[in-house]
Amino acid sequence: MTSKNRNDWVFSRNEVEGAHVVRSAAPGQDRAVGAPGDRAGGAARARRRLAVLGLFLCIGAGVAFSASQARAQEPAPAPPPPPPPPAADTAMPPAPPTPPPPPPGGVPVTETTTPPLASDAMPATREEKLPPIAVGAWIRAGGRIQGSNGKDLDGERFDTIYGELHAGGKIHKYVTLTLNINAGQSTNNTPPDPSGIPGTGLAGIVGIEDAILGLEFADEFHVWIGQMLVPVDRANYGGPFFMIPWTYPGFISAGSHLTVAAPAEGPNGRNGGITVWGDIAGGKFKYAAGGFQTGNLDTAPRFSGRLSAALLGTENGYFGNETYFGDKDIVSVAIGGQFQKNGAGPGNDYGEFNADALMELKYGGGGWVSLDGAYYHFTANDQAVTDAMYVTAAIATPQVWVGNIQPMVRYQLAGGAAEGASPSPNYKTWSVDAFVNYLVKGPALRFMLGFNHAEFGNLISNSVQLGTQAIFF
């Protein structure tokens with residue numbers, strides 16, 4: 001059925017109870033109205049129209065409902081962007097309201113109360129922060145070219161293998177602890193072996209070098225207890241690591257003979273005892289005095305002391321230097337002495353007096369010149385050496401490559417004999433050292449090459465010496 005026929009079927013033609021209804025009159029005639037058949041047909045047509053209208057209303061409602069469901073399933077449109085924030089107000093904010101006063105019992109502790117910081121705590125409860133313990137390692141290694149006949153240069157020996165381990169620091173605000181251990185041997189301050197070379201008799205020994213409990217009340221007043229350097233002269237205060245020559249002054253070896261013209265000290269210049277010392281006027285003056293046991297309980301303690309004054313610069317701390325490796329200008333003088341009742345045997349007291357001086361001045365370009373010397377006098381009835389002296393001169397160039405070249409020369413003289421010495425040698429011993437140091441980091445890294453000549457009466461000694469040292473602080 002076509003679309004036209006469907007419309008005609010609905011709106012133009014019907015069969016009701018067998019009657020035929022004519023939709024239009026002939027031209028020029030009116031439509032028939034009021035006939036019984038026509039009224040019955042009109043009622044039937046009205047009912048059909050209402051049915052069709054209801055059908056269309058149902059279809060329209062279904063279409064409208066489907067459209068609303070489709071719109072409900074579509075995503076909601078994005079909300080419009082928020083308005084821009086208002087311009088910042090540059091006016092000062094109003095002052096916060098004044099908090100109410102605390103209650104009479106003080107501010108109550110609440111869950112939001114935080115504990116005070118360490119810096120806010122009362123001094124009596126504040127935790128004391130101490131510096132960490134310092135550790136270090138020091139080594140020296142060296143040898144010489146010298147034959148079995150000390151006068152000839154036809155042999156070689158590696159005679160210095162020495163090391164130290166250092167640890168120290170504060171364990172209390174007024175208490176320090178120092179513990180140093182050494183191993184091997186040094187060619188200084190030790191008995192000779194059968195070859196006549198000093199120091200080699202202690203090879204391989206490991207022991208405590210320093211064990212000090214320090215009470216540090218003030219810069220001007222310290223009390224040290226334990227085993228430590230004996231305070232007496234600059235050479236012992238400086239030690240081999242902080243002196244310009246390679247070996248201690250006062251130890252002159254020639255062949256199988258060794259002359260010791262130095263104050264009385266134990267191994268490595270140490271003894272056990274107690275020392276009171278201090279720096280005055282920021283290091284312009286320094287004093288140290290102590291009593292030490294010598295290992296023999298039947299003898300009195302040995303008393304030893306030293307006073308120094310810095311005419312230029314300052315010297316601080318217990319330990320000392322024979323050179324400051326160009327770190328500062330210094331001119332200093334000092335005196336020292338020792339005494340021990342029966343120290344040289346029953347009825348024979350031991351005494352020693354010394355005086356020393358140091359001058360070290362920097363010059364343009366990073367170099368410096370050094371000059372130091374000392375004089376010693378010993379008293380004892382059987383003392384083989386009564387007087388001794390040394391003088392050292394050196395000049396360090398400005399930096400060459402990574403370090404400073406430092407030529408140096410030292411002259412030593414010892415002699416005399418006390419009345420009653422047995423046997424009475426009455427000899428004169430002297431030596432000269434001509435060395436060249438290469439200082440990469442001052443005492444922390446240096447290399448040495450030099451020549452030594454010594455005469456012990458009729459004995460003559462020659463040697464070429466070389467060595468190196470390194471310090472890790």
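**Notebook: salt bridges, aromatic pairs and nonpolar groups**

I looked up Asp349 first: at 27% relative accessibility, Asp349 counts as partly exposed. The classes I use are buried for under 20% relative accessible area, exposed for over 50% and partly exposed in between, with a 1.4 Å probe and protein chains only. The model is predicted, so I note that local features need pLDDT of at least 70 and side-chain atom pairs pLDDT 80 or more, while totals for chains, interfaces and linings use all residues. Residues are numbered from 1 along each chain as its sequence is written, and side-chain values use heavy atoms, with hydrogens and water left out.

**Salt bridges**

I followed Asp349 to its partner and found that its side chain meets that of Lys341 in a salt bridge (3.7 Å, N to O). I take a salt bridge to be a side-chain nitrogen of Lys or Arg within 4 Å of a carboxyl oxygen of Asp or Glu. Lys341, at 45% relative accessibility, also counts as partly exposed. I then looked for shared partners: Arg234, Arg306, Glu315 and Asp356 are joined by salt bridges into one network.

I searched the whole structure and recorded 8 salt bridges. One of them joins the side chains of Arg144 and Asp159 at 2.8 Å, N to O. This pair links distant parts of the chain, with Arg144 in strand 3 and Asp159 in strand 4 (residues 156-172), 15 residues apart. For strands (E, at least two residues) and helices (H or I, at least four) I use DSSP runs, numbered from the N terminus. Both Arg144 and Asp159 are buried.

Within the network I examined Asp356 and Arg306, whose side chains meet in a salt bridge of 2.7 Å, N to O. Asp356 lies in strand 14 and Arg306 in strand 12 (residues 302-312), so this bridge ties together parts that are 50 residues apart in sequence. I noted that Asp356 and Arg306 are both buried.

Strand 4 also holds Arg157. Arg157 is partly exposed, at 24% relative accessibility. I found its C-alpha atom 8.9 Å from that of Gly147, 10 residues away along the chain.

**Aromatic pairs**

I searched the whole structure for aromatic pairs and obtained 14. Rings of Phe, Tyr and Trp (its six-membered ring) pair if their centres lie within 6.5 Å; planes under 30 degrees apart are stacked, over 60 edge-to-face and the rest tilted. For Trp138 and Phe241 the ring centres are 5.1 Å apart and the planes stand at 70°, so I entered the pair as edge-to-face. Trp138 lies in strand 3 (residues 134-145) and Phe241 in the loop between helix 3 (234-238) and strand 8 (251-254), so the pair ties together parts 103 residues apart in sequence. Trp138 and Phe241 are both buried.

I recorded a second pair, Trp224 and Trp277, with centres 5.4 Å apart and planes at 80°, so this pair is edge-to-face. Trp224 is in strand 7 (residues 221-229) and Trp277 in strand 10 (residues 270-280), so the pair ties together parts 53 residues apart in sequence. Both Trp224 and Trp277 are buried.

Trp138 and Phe241 belong to one aromatic cluster with Tyr162, Phe242 and Phe473. I also checked for charges over rings, meaning NZ of Lys or CZ of Arg within 6 Å of the ring centre and within 35 degrees of the ring normal. The charged end of Arg140 sits over the ring of Phe241, 5.6 Å from its centre. That of Lys328 sits over the ring of Tyr324, 4.4 Å from its centre.

**Nonpolar core**

Which residues make up the largest nonpolar core? I listed 11: Ile212, Trp224, Met228, Leu229, Val230, Val232, Tyr237, Trp277, Ala288, Phe292 and Tyr318. Strand 7 and strand 11 (285-293) each supply at least two residues of this core, and the largest share, 3 residues, comes from strand 7. A nonpolar core here is a set of buried Ala, Val, Leu, Ile, Met, Phe, Trp, Tyr and Cys residues joined through side-chain atoms within 4.5 Å.

**Strand 14**

I closed with Tyr350, which is placed in strand 14. Tyr350 is buried, with a relative accessible area of 9%. Its C-alpha atom is 7.8 Å from that of Phe378, 28 residues away along the chain.
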